[in-house]
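Here is my note on this model, point by point. Please keep the structure open while you read.

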Amino acid sequence: MLESLLYLLVSLIVIIVALFTVPFLRRNIVSNLVLRFFRKLLPQISQTEQEALDAGTVWWEGALFSGKPDWNALHAFPKPALSPEEKAFLDGPVEELCAMLDEWHITHERHDLPPHAWQFIKEKGFFGLIIPKEYGGHGFSALAHSEVVMKIGSRSNTAAVTVMVPNSLGPAELLLHYGTNAQKDYYLPRLARGIEVPCFALTGPEAGSDAGSIPDYGVVCRTEYDGQPDVLGMRVTWEKRYITLGPVATLLGLAFRLRDPDGLLGDQKDLGITLALIPTSTPGVNIGRRHFPLNGAFQNGPNSGQEVFIPMDWVIGGQEKIGQGWRMLMNSLSVGRSISLPATSVGAAKLSAWTSGTYGRVRVQFKLPIGCFEGVEEALARIAGNTYMMDAARVMTAGAVDLGEKPSVASAIVKYHLTERSRQAINDAMDIHGGKGICLGPANYLGRTYQQTPVGITVEGANILTRNMIIFGQGAIRGHPYTLQEINAAWDHDKKRGLQAFDQALTGHVAFTLRNACRSLFFGISHRLVKEVPDNAASETVDYYRQLTRFSASFALLTDIAMLKLGGSLKRRERLSARLGDILSMLYLCSATLKRFEDDNRPAADLPLLHWSIQDALYRTQQAFDDFLLNFPSNRLMRSWLRFMIFPVGKRCHPPVDTLAHTVAQLILNPGEARDRLTAGIYLPKADHEPLAQLEQAFTCAIACEPIEAKLRQAIKEGKLEASKTVAQGLLTEEEAAMLDQMKTLRRRVIMVDDFPPDFGEDPNNRHEGASA
């Protein structure tokens, strides 16, 4: 009996081994069964969803999905750098443009850029930053594009939006990649010189976040046009809104769905989303009135058209690009979304850091600079730490674009997280400034940025949508080493070829999952077991690389389990998807921060910023894991097993401690190289009437006066001096007394806010300066 059982056991083992090791058996039995099950799990994917998934390229985010990121490969990417020509443009025309801008005058009085600023933008080629030199543009790098927008954004959101839109998702970008030679030769020089002011119309009342469902349509037809009979073209009907530069545009880029009911182009009736360029002077084009987005003065408004005829050669790329509009848009968005909003967000964060640190040293309450109070220190540390990580992600992602990547997932990460962290930074800055921040007027350098922050949250993919559906939803398919292969195999019309491809991907996927399960468990027991750290890593950062590698392995494991358990329904489990996206995002942001530290040659002064930002992100990563496990729809046994695999000895990451926050706050409360690097690239005016220049003068004087004020406080404490006496008792020199008087004057000038007459609004030029504190 025992011998029979042993024989049966051995036979069973042989059969199991054969099923998994003999390719023919594995493929036709195991893989075939799994493939049938997999097809049932797969969600239905529309054509526009598929084109969005296929758009862009996979870059470093793919390494984070691997569970085994190659840190040497990350550091091997060259440090992004500006050319001498790009530096000269930033120091010249960009500086000049910023000097001629007054955001209060622009937003409150003119509701537009002044004519001389518009003319300067056009003449100096601000609309042609990305257009190659052979077409009359600057041909700047993505990094230079980002630096230009960031600097202008720190001065005027109106001007920043005006400059960034033509260089982001719009006619120039689309023409560069998809236009015909004739279209490029005609339009690109005109766009570069500002002869044409472009806009792109995608969003409409019925198609916002779900832009792929646009109801706007064109019908292929033949008609008489421009004196020519029987011209092939389209009659297009559309209604769009939120179109930046729309009210002043001379060239309208338009997305619509094209139909061919009469078969003039072939048998297909629905030709798909198509893009065209339409001069706004075309009969039937209706440019509507302006929108007013949160007191923003940038030109933005609706437009529409009813059966407007356009010739076929107005389609971007010509007739062969009909129906490819969505793919073209998604590829272009993966680049534009990497640059514009991350740049303006970092500009706002750097402005918040510079002004809050400076004001925190100047403003005194309870006989102490407000930056000395722990509550204010907490906000200052958050501003500084977030800004350090944001700027690192901005630069690294722009660098990826300059390497030829179209990082669709990374662009979604930086768009979401940099706009959200910018919102946190400006909120903290407003709290620190108190009444100074909330009273609008020419002296308020934060108010308009605070008001318009939600605009960045809303555009180029609303942040709720981006976090809950795009970052992980797109990343899991594009970044995972096997998922896309399995999906393509499952939908392959050639069943035999599909089964072979699926079997190969499945075999690799199983080994991949088992490896990450082991790595997650072992590294969770002690992340010091991790050996994959970059060559010659700084001793201060080795532990962070180990923690990130451990979390990458756990993330890869959790991704596979979630997709296996939930299948296509994971697409609808938005909160679970969002938490997985948060983990991926933190891994990416930490990678960028560590790369920045290495690229900057490991400046010791920046270590507190590095420690704060990485520790904060690791803690957020841990919380995202915990929240996912808490809400994962499975039985208790499965959740317990997953928790054990990821946190075998519990949760070990903690937020930055108070002493570190104090050190970080001190970096922006005091002059120094770390403060200068952190806030580099923003516009700092020098003219005496400028609020930021006045703040800088008060900051310098406050620091110089602190020893004098300390001497006075000590004398009062020791009873050597009455609080109302100074020079008369010989404690201060006349020079020291004069410096104190100057400090009082400068401090008062800085803390003053604007006030207005009771009939405020009727005559915006009637203002009494500096009448209240």
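1. Start with a term. Helices here are DSSP runs of H or I, at least four residues long, and they are numbered from the N terminus. With that in hand, Ser-554 can be placed: it lies in helix H21, residues 542–566. Keep in mind throughout that this is a predicted model.

2. Stay with Ser-554. Is Ser-554 buried or exposed? Ser-554 is buried, because its relative accessible area is 0% and buried means under 20%. Its side chain makes a polar contact with the side chain of Ser-520, at 2.7 Å. Leaving aside neighbours within four places in sequence, Ser-554 is in contact with Ser-520, Phe-625 and Ile-646.

3. Now look at Phe-555. Leaving out residues up to four places away in sequence, Phe-555 touches Leu-64, Phe-65, Phe-472, Leu-580, Ile-583, Leu-584, Leu-587 and Phe-625.

4. Next, the nonpolar cores. The largest one has 173 residues. Which of its residues touch the most other members? They are Trp-60, Phe-126, Ile-152, Met-234, Phe-555 and Tyr-588. Helix H14, residues 374–402, gives this core its largest share, 13 residues. There is also a second, separate core of 25 residues. Among its members are Tyr-187, Ile-316, Leu-329 and Met-330.

5. Check the length of helix H22. This helix covers residues 574–599, which makes 26 residues. At 1.5 Å a residue, H22 should span 38 Å. Its end C-alpha atoms are 36 Å apart, so the two values agree.

6. H22 is also mostly covered. Of its 26 residues, 24 are buried. After H22 comes Asn-601. The phi of Asn-601 is positive, near 65 degrees.

7. Turn to the cysteines. How many disulfides does the count give? The count is zero. Take Cys-590 as a case. The nearest cysteine sulfur belongs to Cys-653 and is 9.6 Å away. A disulfide needs two cysteine sulfur atoms within 2.5 Å, so Cys-590 is in no disulfide. Cys-590 is buried, with a relative accessible area of 0%. Cys-98 is buried too, at 0%.

8. Cys-518 belongs to helix H20, residues 495–525. At 41% relative accessibility, Cys-518 counts as partly exposed. Compare its position with that of Leu-252. The two residues are 266 residues apart along the chain. Their C-alpha atoms are separated by 55 Å.

9. On to charges. Side chains of opposite charge can pair when their charged atoms come close. How many salt bridges are counted in this model? The count comes to 30.

10. Three of these pairs deserve a look. Arg-190 forms a salt bridge with Glu-196, and their closest N and O atoms are 2.9 Å apart. Arg-190 is partly exposed at 23%, while Glu-196 is buried at 8%. Glu-320 and Lys-321 also meet through their side chains, at 3.5 Å from N to O. Here Glu-320 is exposed at 60%, and Lys-321 is buried at 15%.

11. The third pair is Glu-598 with Arg-602, a salt bridge of 3.0 Å from N to O. Glu-598 counts as buried, because its relative accessible area is 19% and the limit for buried is under 20%. Arg-602 is partly exposed at 33%. Salt bridges can also share partners. Such sharing joins Lys-79, Glu-147, Lys-350, Asp-391, Arg-394, Arg-596 and Asp-600 into one network.

12. Last, Thr-453. Where is Thr-453 found? Its place is in helix H17, residues 447–458. Thr-453 is buried, at 12% relative accessibility. A polar atom of its side chain lies 2.8 Å from the backbone oxygen of Thr-449. Not counting residues up to four places away in sequence, Thr-453 touches Arg-423 and Ile-426.

Note on methods:
Residues are numbered from 1 along each chain as its sequence is written. This is a predicted model: local features need pLDDT of at least 70, side-chain atom pairs count only at pLDDT 80 or more; totals for chains, interfaces and linings use all residues. Side-chain values use heavy atoms; hydrogens and water are left out. Helices (H or I, at least four residues) and strands (E, at least two) are DSSP runs, numbered from the N terminus. The expected span of a helix is 1.5 Å times one less than its number of residues. Buried means under 20% relative accessible area, exposed over 50%, partly exposed in between (1.4 Å probe, protein chains only). A nonpolar core is a set of buried Ala, Val, Leu, Ile, Met, Phe, Trp, Tyr and Cys residues joined through side-chain atoms within 4.5 Å. Contact means heavy atoms within 4.5 Å. A salt bridge is a side-chain nitrogen of Lys or Arg within 4 Å of a carboxyl oxygen of Asp or Glu. A polar contact is a pair of N or O atoms within 3.5 Å; within protein, one must be able to donate a hydrogen and the other to accept it, and residues adjacent in sequence count only if both atoms are side-chain atoms.
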